[in-house]
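Subject: Structure handed over, with notes

Dear colleague,

I am passing on the structure we spoke of, together with some notes on it. Please have it open while you read.

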Amino acid sequence: MRIATFNILHGRSLDDGLVDVDRLATAVKSLDADVLGLQEVDRDQPRSLGADLTAVAAEAMGAAEHQFVAALAGTPGGTWMAATGDEQPGSATYGIALLSRYPVISWRVVRLPALRAGVPMWFKGSRKPIWVSDEPRVAVAAVIDGPFGEFTVCNTHLSFIPGWSALQLSRLVRSLTGTREPLAVIGDLNMEQRQATRISGLRPIASAPTFPVEAPRRQLDHVLVRGGLEATEPAEAVRLPLSDHRALAVRCGPS
């Protein structure tokens, strides 16, 4: 079984600045993932040609089951607000998605605590802190009937603000107490593996730098597990012709 996570930057390539749904489909197909978590996913956004990027990815990988969960509703630069889950079909949204070639027994959405105020952050090269604000964050979990029995996968995209991402990860793992195991938490956690492991209490089974795409030095994207699941091959940080992240993929099986 191959699990992968990929922050797709709403399908945009850094090479030409364009969103090409065929390029996205080809990239997803090449990953050959059985279970795939996507972050920074658009649906019905003008900047991504009004496409449903989750549906594009699902068709490309042959995923019989998939769910998109909006974190934000509206268009960037215009009306841009926290999604409620009650958005009308055809409205512009942005969030995360979880896709599976295997049957899904149940789905669950977790809305993570939002940082409502701006905070100062130091960026490399800046002489003074810059005030930044975060966006709402969500997670989507599925109990999947896989080749080795039932297991849970949870995909998320956490805050880029240090400390707040740690709080979100802690809350997320706590919310998954009692879920079907093995459990895999995947996604762009916006923290390095050592911190993610310490905060979550889960085991990493995929180690490879994923960011930035050109010459990755940091691993922000992870596959963390609890229960009887282990890597059967070394993980791959796969460079694809879109996004500012590399995809992270690992083949795994029961331990």
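The notes below take up the nonpolar cores, a sheet with its helices, one loop residue and the salt bridges.

Please bear in mind throughout that this is a predicted model.

The largest nonpolar core comprises 30 residues, and those with the most contacts inside it are F6, I8, L31, L36, L38, L99 and L240. At least two residues of this core come from each of β1 (2-7), α1 (21-31), β2 (35-43), α2 (53-61), β3 (65-74), β5 (93-100) and β16 (247-254), with α2 giving the most, namely 6 residues. If neighbours within four places in sequence are left aside, L31 is in contact with R2, A4, F6, L36, V238, L240 and A247. There is also a second, separate core of 27 residues, which includes F151, I205, V223 and L248.

Turning to the sheet, 6 strands form an open arrangement in the order β6-β9-β10-β11-β13-β12, with mixed pairing. Because β6 (104-111) and β12 stand at the edges and have a single partner strand each, one side of each is left without a neighbour in the sheet. The strands β6 and β9 (residues 138-146) run antiparallel and are joined by 7 bridges, and R111 stands opposite V138 in β9. Helix α3 (residues 164-175) packs on this sheet, where it touches β6, β9, β10 (149-157), β11 (183-188) and β13, and its direction makes about 145° with that of β6. Helix α4 (residues 193-200), for its part, lies across β12 and β13 and runs at about 30° to β13.

In the loop between β12 (203-204) and β13 (221-226) one finds F211, which is partly exposed, with a relative accessible area of 22%. Not counting residues up to four places away in sequence, F211 touches P216, R217, R218, L220, D244 and H245; the C-alpha atoms of F211 and H245 are separated by 5.1 Å, although these residues are 34 residues apart along the chain.

Finally, the structure holds 12 salt bridges, and D32, D34 and R101 are linked in a network of them. The side chains of R101 and D32 meet at 3.0 Å, N to O, and those of R101 and D34 at 3.1 Å, N to O. Since R101 lies in the loop between β5 and β6 and D34 in the loop between α1 and β2, their pair ties together parts that are 67 residues apart in sequence. Within this network, R101 is partly exposed at 27% relative accessibility, as is D32 at 37%, whereas D34 counts as buried at 11%.

With best wishes

Notes: Residues are numbered from 1 along each chain as its sequence is written. This is a predicted model: local features need pLDDT of at least 70, side-chain atom pairs count only at pLDDT 80 or more; totals for chains, interfaces and linings use all residues. Side-chain values use heavy atoms; hydrogens and water are left out. A nonpolar core is a set of buried Ala, Val, Leu, Ile, Met, Phe, Trp, Tyr and Cys residues joined through side-chain atoms within 4.5 Å. Buried means under 20% relative accessible area, exposed over 50%, partly exposed in between (1.4 Å probe, protein chains only). Helices (H or I, at least four residues) and strands (E, at least two) are DSSP runs, numbered from the N terminus. Contact means heavy atoms within 4.5 Å. Two strands pair if DSSP finds at least two bridges between them. Axes are lines fitted to C-alpha atoms, for helices over the stretch in contact, and angles run from 0 to 180 degrees between N-to-C directions. A salt bridge is a side-chain nitrogen of Lys or Arg within 4 Å of a carboxyl oxygen of Asp or Glu.
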